[in-house]
Every structure is written in C-alpha cells, then in structure tokens.
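Open the model in your viewer and keep the sequence panel beside it. We will go from stop to stop, selecting as we go.

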Amino acid sequence: NNEPVLIGRTALEGRPTNKDRRRGGTMSILDFFVFSTVNVILIGSVVVFGGAAVFALSWAVRDGQFQNFERGARSIFDPAEPIGEATDRFPDSAEMEMKNGGS
C-alpha cells in the first residue's frame, strides 16, 4: 500500500508509528495535570463568584434595598446639588461658556 498516510505525520515523512496512532486517544500525565488544574480554577472561580453574587443579592433583599427605589434615587441629592439642576462641569466648560456668551 503506497498511499500517503496523513495520521500524525505529513505524507512526506512516511507511515505513522504506533506512538502516532495512540496519541489521539491518550493523554500524558503533564497534559492531564494542566487540564485538571485549569478546570479546577475555572469551576472554582465560577462557584466563588456565583456564591458571592447570591450572597450579595440575599443581603440586599434582607436589608430592604429593593423596597423604595425612589428614596434611594433621591438620596444622592442635597441642598447644594438640587434635583434637576446640573452642577457638575468639565474643567474647561466654564471657560467655553464664557467665550460662547453662556451664563
């Protein structure tokens, strides 16, 4: 049989060895260790971050954070910064308003 064999080697290198045939079905100890480590880190981080999200949500529900959204939205305003009045500006915006004749 003189057909080129393309399993594990190129056609120019000849027929594959038994090691090349087995390679697709086996995993070395190092490969297994790396694969296992990556899986443990990924699954562990998903469990930790998922658990943290569930904990934070349950804390917010127990603490009453979802009971009155309107009060929470207004809590960031005070007499120095009333609702509906923009008091924040970019550093150069005051100069630009003066040049453009703004107030």
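Select Phe66 first. This is a predicted model, and in it Phe66 has a relative accessibility of 44%. Is that buried, exposed or partly exposed? Phe66 counts as partly exposed, because the partly exposed class lies between the 20% and 50% cut-offs.

Now add Phe69 to the selection. Its relative accessible area is 59%. Phe69 is therefore exposed, as 59% is over the 50% cut-off.

Keep both residues on screen and show their rings. How many aromatic pairs are counted here? The count is one. The ring centres of Phe66 and Phe69 are 6.2 Å apart, and their planes meet at 65 degrees, so this pair is edge-to-face. The reasoning takes two cut-offs: centres must lie within 6.5 Å to pair, and planes over 60 degrees apart count as edge-to-face.

Step back along the chain to Gly64. Gly64 follows helix α2. Look at its backbone: phi is positive, near 85 degrees.

Next, select residues 29-63. That is helix α2. Put a distance line from its first C-alpha to its last. The helix has 35 residues and reaches 50 Å, close to the 51 Å expected at 1.5 Å a residue.

Stay in α2 and pick Ile43. Is Ile43 buried or exposed? Its relative accessible area is 55%, so Ile43 is exposed. Now show Leu30, Phe33, Val34, Val38, Leu42 and Val47 as well. Together with Ile43 they make a nonpolar surface patch of about 710 Å².

Colour the model by pLDDT. Which element has the highest mean value? Helix α2 does, at 94. Now select residues 18-23, helix α1: its mean of 55 is the lowest among the elements. For the protein as a whole, the mean pLDDT is 76, and 63% of residues reach 70 or more.

Finally, clear the selection and view everything. The protein has four helices and zero strands. From the N terminus, the order reads α-α-α-α. Of the 103 residues, 5% count as buried. Turn on the surface: about 9,600 Å² is exposed, and carbon and sulfur atoms supply 63% of that area.

Note on methods: Residues numbered from 1 in each chain as written. Predicted model: local features only at pLDDT ≥ 70, side-chain atom pairs only at ≥ 80, totals over all residues. Heavy atoms only, no water. Phe/Tyr/Trp six-rings, centres within 6.5 Å; stacked < 30°, edge-to-face > 60°. Buried < 20%, exposed > 50% of the residue type's maximum accessible area, 1.4 Å probe, protein only. Helix = DSSP H or I, 4+ residues; strand = E, 2+ residues; numbered from the N terminus. Areas by Shrake-Rupley, 256 points an atom, 1.4 Å probe, with all protein chains shown as cover. Patch = residues over 30% accessible without salt bridge, like charges linked within 9 Å, V, L, I, M, F, W, Y side chains within 5 Å. Salt bridge = Lys/Arg side-chain N within 4 Å of Asp/Glu carboxyl O. Expected span 1.5 Å × (residues − 1). pLDDT = per-residue confidence, 0-100.
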